[in-house]
Amino acid sequence: MKPLRQRLTRRNSVLWCNLTIASIDVGVYLVAGKSRLLPEMAGKHDGYCDIASSTILIDRALTEDMAEQVLLHEIIHFVCFVAGVPMPAGDAEEEAIVNPLASALYDALKRNGLFLGPQRLLKQGC
Ligand SMILES: [Zn+2]
């Protein structure tokens with residue numbers, strides 16, 4: 001299978017924004033969750049973080065609010081990996097750490113007017 005970035009097409013994805021995370025340029029794409037070209041999004045995944053290609057995928061069927069929450073969730077995965085934060089080996093165990101962190105952080109940022117979502121980033125030339 002081709003690397004993730006090479007499987008992103010105009011039919012199955014749209015660039016939502018470009019971010020710089022830990023000095024790494026990361027492309028964030030809204031994608032068709034059911035695309036057979038993107039098995040990473042199969043099943044119950046609302047988002048996916050591919051460290052190797054510095055790419056984050058978000059299911060484009062989500063509401064804007066949900067998409068923002070998923071983006072923050074995937075950013076936490078990315079940051080933890082890049083920062084070398086020790087994570088348990090299994091996906092479920094890692095999710096058990098990232099999920100509550102993302103929910104609490106998103107809530108704190110939103111309630112305090114600190115979350116600058118991708119729509120606002122786009123308006124500023126993201
Ligand atoms: Zn996750």
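The legends below accompany several views of one protein chain, which is a predicted model.

**View 1. The whole protein chain, with its helices and strands.** The secondary structure of the protein chain comes to 4 helices and 4 strands, and, when read along the sequence, these elements follow the pattern α-β-β-β-β-α-α-α. The radius of gyration of the protein chain is 14 Å, close to the 14 Å given by the globule rule for 126 residues, so the chain is as compact as a globular protein of that length. Along its principal axes, the C-alpha trace spans about 40 × 40 × 30 Å.

**View 2. Burial and contacts in the protein chain.** Of the 126 residues of the protein chain, 25% count as buried. Among the contacts with a separation of 6 or more, 57% are accounted for by residues that stand 24 or more positions apart.

**View 3. The open sheet.** An open sheet is formed by 4 strands in the order β1-β2-β4-β3, and their pairing is mixed. Its edge strands are β1 (13–21) and β3 (47–50), each of which pairs on one side only. From one strand to the next, the twist averages 20 degrees.

**View 4. The pairing of β1 with β2.** Strand β1 is joined to strand β2 (residues 24–31) by 8 bridges, and the two strands run antiparallel. For V14, the bridge partner in β2 is L30.

**View 5. Helix α2 and the strands.** Helix α2, which covers residues 64–83, lies across β1, β2, β3 and β4 (55–59). Relative to β3, helix α2 runs at about 25 degrees.

Note on methods: Residues are numbered from 1 along each chain as its sequence is written. This is a predicted model: local features need pLDDT of at least 70, side-chain atom pairs count only at pLDDT 80 or more; totals for chains, interfaces and linings use all residues. The radius of gyration is taken over C-alpha atoms; the globule rule is 2.2 Å times the number of residues to the power 0.38. A residue is buried if 20 or more other C-beta atoms lie within 10 Å of its own, exposed if 12 or fewer, and partly exposed in between; C-beta atoms are placed from the backbone. Two residues are in contact if their C-beta atoms, placed from the backbone, lie within 7 Å. Two strands pair if DSSP finds at least two bridges between them. Axes are lines fitted to C-alpha atoms, for helices over the stretch in contact, and angles run from 0 to 180 degrees between N-to-C directions.
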